[in-house]
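Got the viewer open and a hand on the mouse? Let's take a walk through this one, selecting a few residues at each stop.

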Amino acid sequence: MATDYYAVLGVRRDASQEEIKKAFRRLARELHPDVNPDPKTQERFKEINAAYEVLSDPQKKQVYDLGGDPLSQAGGGAGGFGAGGFGNFSDIMDAFFGTASQRGPRSRTRRGQDAMIRLEIDLDEAAFGTTKDIQVDTAVVCGTCSGEGAAPGTTAQTCDMCRGRGEVSQVTRSFLGQVMTSRPCPQCQGFGTVVPTPCPECAGDGRVRSRRTLTVKIPAGVDNGTRIQLAGEGEVGPGGGPAGDLYVEIHELPHAQFQRRGDDLHCTVTLPMTAAALGTKVPLETLDGLEEVDIRPGTQSGQSIPLHGRGVTHLRGGGRGDLIVHVEVQTPNKLDPEQERLLRELAKLRGEERPLGQFQPGQQGLFSRLKDAFNGR
Ligand SMILES: [Zn+2]
Ligand SMILES: [Zn+2]
């Protein structure tokens, strides 16, 4: 045969079994049809499988090294004639991967689909974690037929058209001579069996829809879009096949007072000018309860006060983010005569009757806010 199996795997003719195995694994990962579905790559994948089938088996390798074609005997004469040598390919796949190929009747049992459900939670639930009961509406195994799909007292019967093989063969003439082609049996859709009396409960599908309540543990630190995987809680497959997974996608509801950025929380406190100048303590209802925010005398507008460890729990690694209080100082815009007199007196005392002001390029307030945004504040 013309195929150089050593070249296909990219190994030397004196390569060890270990080297052959390594080369095959690397190529198989790269060219696996699940990763790389284009037809050309699939051809290559077949080639490397054939090459490995031969070179990994000492007996076949010897036949090959002596100039024979060990794969032409592998099929045991069962089909493969006139099909260009690929007829026994599925047998090789079976032998190597131990998986059922397209050959033979296909199973009525298949894995169920994954399902996704949206769950809205509050900020404090996201911050500390919680447990929620959720209603899920998915397919479960039919109790009447236990997933078999046949009405009670009846069973599936071997299909008489394909005699249980799941496929029917047809011999056609072509310029190559007689070619045998197989296609899924039209009577049993390739299952090899027919269900004469389908289960009345599930119409033969083997599953029914049902609503159930699941208790979901939400870990502390989840964020908008976090998906929690509940293995095997999705839809049961046709024919009572294994269930898919259920994904719970978190949607965090906006909080009245705090804005979340990562695991930090932000809020703004508006203070009168006098309080900012003199200093004060303002009560703040944090996620951990009532706390006092210490406003130091001389606090400026735009300044931020971090409350360390009062943010959201880190999803990984423990610890918590901060709660950052941004201060906005308000200048009084209505003064009664007495207040105005006092303020003028204060200005006089401070020598601020005609202040010169300090000019800087740009817009200071906006600039510092941008800087804060860059620093993730
Ligand atoms: Zn049923
Ligand atoms: Zn059939």
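Start by selecting Glu 291 and Arg 310 and showing their side chains. In this predicted model, the two form a salt bridge, with their closest N and O atoms 2.5 Å apart. Now trace the chain from one partner to the other: the pair links distant parts of it, 19 residues apart. Glu 291 sits in strand β13 (residues 289-295), while Arg 310 belongs to the loop between β14 (304-307) and β15 (323-330). Is Arg 310 buried, exposed or partly exposed? Its relative accessibility is 26%, and buried would mean under 20% while exposed would mean over 50%, so Arg 310 counts as partly exposed.

Next, select Arg 260 and Asp 263. Here you have another salt bridge, at 3.4 Å from N to O, and both Arg 260 and Asp 263 are buried. Stay on Asp 263 for a moment. You'll find it in the loop between β10 (259-261) and β11 (264-272). Which residues does Asp 263 touch, leaving aside its neighbours within four places in sequence? Colour these and have a look: Gly 311, Val 312, Thr 313, His 314, Leu 315, Gly 321 and Asp 322.

Now add Asp 223 and Glu 252 to your selection. Together with Arg 260 and Asp 263, they are linked in a network of salt bridges. If you like hunting for pairs of this kind, the whole structure has 26 salt bridges. For one of them, jump to Arg 207 and Asp 205, whose closest N and O atoms are 2.7 Å apart. Asp 205 has a relative accessible area of 31%, so it is partly exposed.

Glu 252 was a handy stop, since strand β9 covers residues 246-252. Switch to the cartoon view and select β9 along with β1 and β8. These three strands make an open sheet, in the order β1-β9-β8, with mixed pairing. Which strands are at the edges? They are β1 (115-121) and β8 (227-230), each of which pairs on one side only. Neighbouring strands in this sheet are turned by 25° against each other on average, ignoring direction. Zoom in on β1 and β9: they run parallel and are joined by seven bridges. Pick Ala 115, and you'll see Leu 246 of β9 standing opposite.

Time for a helix. Select α4, residues 58-65, and then highlight Lys 60, Lys 61 and Tyr 64, which are buried. Turn the view until you look down the axis of α4: the buried residues fall within an arc of 100°, so they line one face of the helix. What do they pack against? Show α1 (5-9), α2 (17-31) and α3 (39-55), and you have the answer. On the other side of α4, you can pick out Pro 58, Gln 59 and Gln 62, which are exposed.

Check both ends of α4 before you leave. At its start, a side-chain oxygen of Asp 57 comes to within 2.9 Å of the backbone nitrogen of Gln 59. Just after the helix, click on Gly 67, which takes a positive phi of about 100°.

Finally, zoom out to the entire chain. You're looking at 10 helices and 15 strands. The chain has 377 residues, of which 33% count as buried. Take the contacts with a separation of 6 or more: residues 24 or more positions apart account for 63% of them.

How values were computed
Residues numbered from 1 in each chain as written. Chains lettered and ligands numbered in written order. Predicted model: local features only at pLDDT ≥ 70, side-chain atom pairs only at ≥ 80, totals over all residues. Heavy atoms only, no water. Helix = DSSP H or I, 4+ residues; strand = E, 2+ residues; numbered from the N terminus. Contact = heavy atoms within 4.5 Å. Pairing = 2+ DSSP bridges. Axes fitted to C-alpha atoms, helices over the stretch in contact; angles between N-to-C directions. Salt bridge = Lys/Arg side-chain N within 4 Å of Asp/Glu carboxyl O. Buried < 20%, exposed > 50% of the residue type's maximum accessible area, 1.4 Å probe, protein only. Arc of directions from axis to C-beta. Polar contact = N/O pair within 3.5 Å; in protein donor to acceptor, adjacent residues only side chain to side chain.
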